[in-house]
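Visitor: I'm new to this structure and would rather get to know one corner of it well than rush through everything. Please choose a single sheet, with whatever lies against it, and take me through it slowly.

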Amino acid sequence: MRWSNAFIPTLREDPADAEAVSHRLLVRAGYVRQLMSGVYSLLPLGFRVVAKISGILREEMDRIGAQEFRLPALHPAALWQRSGRWEHMGEEMFRLQDRKGADVGLGMTHEEVFANLAAELRSYKQLPQIWYQIQTKFRDEPRPKSGVLRVREFTMKDSYSLDVDEQGLDAAFTRHFEAYRRIFSRCGVEALAVEASSGAMGGNESIEFMVRSDAGEDDVASCEACGYAANVEKATSSLVAVEDEAGPEAPEKFATPGVHSIDELAAFEAGAVPTRQLKSLVYVLDGEVRLLVLRGDHPLSEQKLLDGTGAREARPASEEEIRAALGAGAGSLGAVGVSAIPVYADLALQGRSNLFTGANEDGFHLRGVDLTRDVEVEKWLDLREVSAGAPCPLCDAPLRVERAIEVGHIFKLGTRYSEVFGAEVLDETSAKRPIVMGSYGIGLERAMAAIVERCHDENGIVWPVAVAPYEVVISVVKPKDVESLEAANSLYESLVAEGVEVLLDDRNERPGVKFKDADLIGIPYRVTVGPRGLAEGKLEWKARRGGESRDLDLHKAAGSIVETVLEERSRSL
Ligand code: ATP
Ligand code: MG
């Protein structure tokens, strides 16, 4: 491609609204443009990167024996009503009506459509199968964010495994796990595999692939010592036995005027450190009021609350609901003597005594509370969100907690969708069995942005060769110099003939502008063709990553460039 004929609208300034590095750089370097909130056009460079990622995805899916489909984005409501997700997906699903008034949804994922197709399978002999597509998804995200990291229309590679039993699913899951590892490594980013909550997909085991980055919206807890890693929505910590000092025979009420929080009580009362307080939260789970109790310094994880109770929806109770349930305001709540509403307590509190908590009376607290003696706990659950430094559940070493971008997600779905859609096969004994399914996704634009988050410097993007839009840029210092242009053209032709992806910067711009642009768009290798070098029969070769440069002999340049590029490519196979 000749730059003079290319659409690469680089900008001098960062876009005003962009915080994430990938947002800033992908817009500035001319890869993407926003059409409306959460909806982006891929410009030619962006399209080439996404096409490279698609290529890697196809190769790795083919390698595990997957078959490619292309399913519609327009789905009849009836299909989603059968699985119950027409309701469940709520406002995240784009919905419209066709001219006859029939309800139609835009596909946010394709379990329903694939399970419906799987109903045509008849025998266990046809299994296992893996089906996949690379296709557009629509999700009306409440907060589109950070350029293409969280958008409302995006491309996903989604695959679905079909097996006759759980062991088959385990094998398909493992094959995907390994394929995902290869995919991200070939894309040039380190993706951490972490245990995840299965959320709305309805499954029982799921792993997310996470790229560490402050631009992410997830937090990952990980242990350097043993390799444990989990999304904080799922992560737990080991339970440390605590020896509480002996307390009074029964809880003692004391006045706490103006005290409404854990910190205020800690400042008010000697000994009431947050680790010796109870945090009492009133929540509404699918319409039912519940009292949750955690250690004073332990934040509640709403996702763990949902996962632990099986509720579909959880929200903090309103002030009126709290008062109606416990007779006090949010600053003075406690679980002692509460029997009107079920109490769920976090496991870290088991066996604790001599603690502080609210007295369910405005302006009063209790000291000397013994969980076993004084609180009627209906369920002990893992409710706390782990924080940095908490002991690893496997080896007790302190956990790290870091922000990360979820680039991929693999789920064991089980038979939920196959049962609904009648996707059954006859097994060896001619008995009907619902197909056991798995579902596996990678977002392509998000993957592109995650790579930029990891691969950039102060001058711009630094693409790994495997996903770069072009492998080499030839910068012609003086395109008006006939000899320069001829040398550059001839090098360009030889490289293209060998299959190297080359951008020839033949624009009438100052060399400084060209070098800046080449760095900004992040092409892995730059060859500079200028009169001074040519006079000595030389070209300059420079690597974007690391910045080393060396002279190439004009006549041997093409050969050595091809060699370097091929070597680099083979490294990511
Ligand atoms: P998130 O928690 O970030 O909303 P999700 O759990 O809803 O993600 P999945 O349904 O598992 O995502 O989708 C599979 C993959 O699709 C994700 O790992 C991610 O790479 C991509 N993806 C999901 N939602 C978006 C989005 N709004 N914009 C861009 N990519 C997305
Ligand atoms: Mg989501």
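Guide: Let's start with the word "pair": two strands pair if DSSP finds at least two bridges between them. With that in hand, here's the part I'd pick: an open sheet of five strands, in the order β28-β27-β29-β30-β31, with mixed pairing. Bear in mind that what you're looking at is a predicted model.

Look at the rims of the sheet. β28 (502-505) stands at one edge and β31 at the other, and each has just a single partner strand, so one side of each is left without a neighbour in the sheet. As you step across, the twist averages 25 degrees from one strand to the next.

Now zoom in on one join. β30 and β31 run antiparallel and are held by five bridges. If you want a spot to put your finger on, K538 has D553 in β31 as its bridge partner. A helix packs on this sheet too: α14 (residues 511-521) touches β27, β28 and β29, and its direction makes about 165 degrees with that of β29.

There's another helix to meet here, and I'd spend some time on it. α16 lies across β27, β29, β30 and β31, running at about 130 degrees to β31. It covers residues 557-571, which is 15 residues, and reaches 21 Å from its first C-alpha to its last, close to the 21 Å expected at 1.5 Å a residue.

Which residues of α16 are buried? They are A557, A558, I561, V562, T564 and V565. Seen down the axis of α16, these buried residues fall within an arc of 165 degrees, so they line one face of the helix. There's a handy bit of background for that: an α-helix has 3.6 residues a turn, so residues three or four places apart point the same way. Turn to the face of α16 that looks away from its buried side and you'll find the exposed residues E563 and R571.

And what do the buried residues of α16 pack against? The list includes strands you've already met: β27 (472-476), β29 (525-529), β30 (538-543) and β31 (549-553). α13 (482-497) is on it as well.

Next, the aromatic rings. A pair of aromatic rings is described by the distance of the centres and the angle of the planes. The count comes to twelve aromatic pairs. Let me take a short detour to one of them, F114 and Y160: their ring centres are 4.5 Å apart and their planes are at 35 degrees, so the pair is tilted. F114 lies in helix α5 (residues 111-118) and Y160 in strand β8 (residues 153-163), so this pair ties together parts that are 46 residues apart in sequence. F114 and Y160 are both buried.

Back in our sheet, Y525 and W541 make an aromatic pair too, and this one is stacked, at 4.7 Å centre to centre with 15 degrees between the planes. Y525 lies in strand β29 and W541 in strand β30, so the pair ties together parts that are 16 residues apart in sequence. Y525 is buried, and W541 is as well.

For contrast, here's another sheet. It is an open one of three strands, in the order β13-β19-β18, with antiparallel pairing. Its edges are β13 (252-255) and β18 (355-358), each with a single partner strand, so one side of each is left without a neighbour in the sheet. Here the twist averages 30 degrees from one strand to the next. β13 pairs with strand β19 (residues 364-369) in the antiparallel sense over four bridges, and A255 has F364 in β19 as its bridge partner.

Finally, step back to the protein around our corner. Its secondary structure comes to 16 helices and 31 strands, and its C-alpha atoms fill a box of roughly 95 × 65 × 50 Å, taken along the principal axes. Of its 573 residues, 53% are buried. Among contacts with a separation of 6 or more, 69% come from residues 24 or more positions apart.

How values were computed:
Residues numbered from 1 in each chain as written. Chains lettered and ligands numbered in written order. Predicted model: local features only at pLDDT ≥ 70, side-chain atom pairs only at ≥ 80, totals over all residues. Heavy atoms only, no water. Helix = DSSP H or I, 4+ residues; strand = E, 2+ residues; numbered from the N terminus. Axes fitted to C-alpha atoms, helices over the stretch in contact; angles between N-to-C directions. Expected span 1.5 Å × (residues − 1). Buried < 20%, exposed > 50% of the residue type's maximum accessible area, 1.4 Å probe, protein only. Arc of directions from axis to C-beta. Contact = heavy atoms within 4.5 Å. Phe/Tyr/Trp six-rings, centres within 6.5 Å; stacked < 30°, edge-to-face > 60°.
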